[in-house]
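Here are a few exercises to work through at your own pace. Have your viewer ready, and try each task before you read its solution.

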Amino acid sequence: MRSVAMLDLRGEYKIFREEIRAAVEHVLESQQFIGGPAVAELEDAIRARYGVGYAIAISNGTDALLCALMALSIGQGDEVILPSFTFFATAGAVWRVGAKPVFVDIDPRTFNFDPERVSEAVTPRTRAIIPVHLFGQCADMDAINATAKGHGLKVIEDAAQAIGATYNGRFAGKLGDVACLSFYPTKNLGGFGEGGMILTDDGEFATVARQLRNHGESQRYHHDRVGGNFRLDTMKAAILLVKLRHLEEFTRRRQHNAARYDELLNGSSVTTPYVAYGHQPVYHQYSILSDRRDELISFLRDRSVATGVYYPVGLHRQRCFASLGYGPGSLPITEQSCSRIVSLPCHPMLGEDDVRYVASCIREFERTEQRPSGSGHRPSAPFRSRL
Ligand SMILES: Cc1ncc(COP(=O)(O)O)c(C=O)c1O
């Protein structure tokens with residue numbers, strides 16, 4: 001039986017193994033493991049590619065968010081508006097600087113911020129908005145920026161899943177005041193270990209963020225502020241530079257796979273991703289909705305097709321945020337999405353036969369629900385594990 005995984009990092013590695021070995025060898029020969037030319041080159045390459053003024057390499061995407069909030073002096077007594085339907089780091093960073101996360105609901109079609117809910121959530125304590133470009137599609141940034149401008153708020157893009165995505169022809173990372181990227185190994189630009197980056201056009205902010213990255217040092221052993229060790233290792237930067245050369249091709253492959261799924265699942269009972277007008281997503285995930293999500297997952301698992309659930313529980317319902325008082329049903333679209341969403345394999349190494357196989361399994365699953373009642377068919381039967 002064919003087997004389809006959510007990712008094929010070993011397969012990807014084969015493509016650039018020699019380039020990576022050369023880059024690693026170069027760092028080993030230099031014996032410089034912190035800072036150095038590779039970090040500066042990676043910052044320059046990303047800055048130039050996405051047309052931003054400043055790029056600051058950071059230890060990981062979570063630290064990038066934390067460092068950005070610190071550089072904006074957001075803390076105790078401040079509120080930050082963000083979606084609940086996102087990875088934990090978005091809210092964790094807000095909490096860790098002492099600010100209050102204010103969760104708002106999403107657009108059911110894009111899974112991104114509902115701009116109307118965002119503007120309703122603004123209070124005199126609000127300092128910033130964090131739109132998350134979930135699954136690689138940008139949030140509705142014009143509406144969010146308009147709200148921010150009207151109230152003097154900062155916009156921090158959480159672009160961890162969206163490197164290379166565009167919105168009205170502009171890149172993710174160039175759409176707010178500050179943006180944060182993640183190079184976690186499963187991300188579209190995945191490193192060999194943890195990694196992240198802050199992007200901005202604001203020179204003053206960039207200077208502060210650079211200092212915070214290095215314990216708030218303005219010059220050696222002189223600390224203007226308290227920061228952290230948010231540095232990206234030289235070795236990781238050198239490897240990311242190699243992978244960056246292949247990113248556009250890999251993104252095209254993801255987009256191609258997504259387009260094939262769109263065609264093959266057209267008219268089926270699952271809801272395929274909605275691409276809003278003017279958006280070009282990079283399909284960090286290809287996420288569909290199904291009323292029988294859990295049955296579909298086990299049906300696919302029995303046919304050796306891996307899936308992922310991003311995310312099974314909204315952040316507003318996490319125990320650590322219970323004191324914020326969001327009860328069940330407080331963000332209904334988020335909660336419905338948590339119970340209906342499932343991501344299909346869409347990675348760059350997927351072949352046409354893999355995509356066809358996954359789609360045909362979903363079609364087969366669908367036929368199990370279309371059998372007329374009274375035919376003797378028991379709905380649960382096809383979902384028992386196969387021999
Ligand atoms: C939306 C989002 N924000 C932030 C992060 C945090 O990035 P990292 O895992 O590099 O700390 C991630 C990655 O997992 C993410 O998906």
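The exercises below concern a predicted model, and each is followed by a worked solution.

**Exercise 1. Domains and their interface**

Find how the chain is divided into domains, and describe what lies between domain 1 and domain 2.

*Solution.* Start with the bounds: domain 1 covers 9–241 and domain 2 covers 247–370. Next, take the C-alpha centres of the two domains, which lie 25 Å apart. Then list the contacts: 45 residues of domain 1 touch 38 residues of domain 2. Now turn to area. About 3,600 Å² is buried between the domains, with carbon and sulfur atoms giving 64% of it. On the domain 1 side, Phe103, Phe135 and Asn188 lose the most area to domain 2, together 20% of what that side buries. Finally, look for salt bridges between domain 1 and domain 2: the count is zero.

**Exercise 2. The surroundings of a helix**

Which residues of helix α4 (residues 88–96) are buried, and which elements do they pack against?

*Solution.* First pick out the buried residues of α4: Ala89, Thr90, Ala91, Gly92, Ala93 and Val94. Then look at what surrounds them. These buried residues pack against helix α3 (61–71) and against the strands β2 (79–83), β3 (100–104) and β5 (154–158). Last, step just past the end of α4, where Gly98 takes a positive phi of about 95°.

**Exercise 3. Two positive phi values**

Phe111 and Tyr221 both have a positive phi. Is each of them buried or exposed?

*Solution.* Begin with Phe111, which is not a glycine and has a phi of about 65°. Phe111 sits in the loop between β3 and α5 (115–121). Its relative accessibility is 5%, so Phe111 counts as buried, the cut-off being under 20%. Now take Tyr221, whose phi is near 65°. Tyr221 belongs to the loop between β10 (217–219) and β11 (222–223). Here the relative accessibility is 61%, so Tyr221 counts as exposed, for which the value must be over 50%.

**Exercise 4. A cis peptide bond**

Where is the cis peptide bond that involves Tyr311, and what is its omega?

*Solution.* The bond joins Tyr310 and Tyr311, with omega at about 15°. To place it, note that Tyr311 is in the loop between α9 (293–302) and α10 (332–340).

**Exercise 5. A nonpolar surface patch**

Which residues form a nonpolar patch with Leu28?

*Solution.* The partners are Phe33 and Ile34, and together the three have about 250 Å² of accessible area. Leu28 itself is in helix α1 (residues 9–30). With a relative accessible area of 35%, Leu28 is partly exposed.

Key. Residues numbered from 1 in each chain as written. Predicted model: local features only at pLDDT ≥ 70, side-chain atom pairs only at ≥ 80, totals over all residues. Heavy atoms only, no water. Patch = residues over 30% accessible without salt bridge, like charges linked within 9 Å, V, L, I, M, F, W, Y side chains within 5 Å. Areas by Shrake-Rupley, 256 points an atom, 1.4 Å probe, with all protein chains shown as cover. Salt bridge = Lys/Arg side-chain N within 4 Å of Asp/Glu carboxyl O. Helix = DSSP H or I, 4+ residues; strand = E, 2+ residues; numbered from the N terminus. Buried < 20%, exposed > 50% of the residue type's maximum accessible area, 1.4 Å probe, protein only. Domains from an automatic or database assignment. Contact = heavy atoms within 4.5 Å. Buried area = accessible area lost by both parts, 1.4 Å probe.
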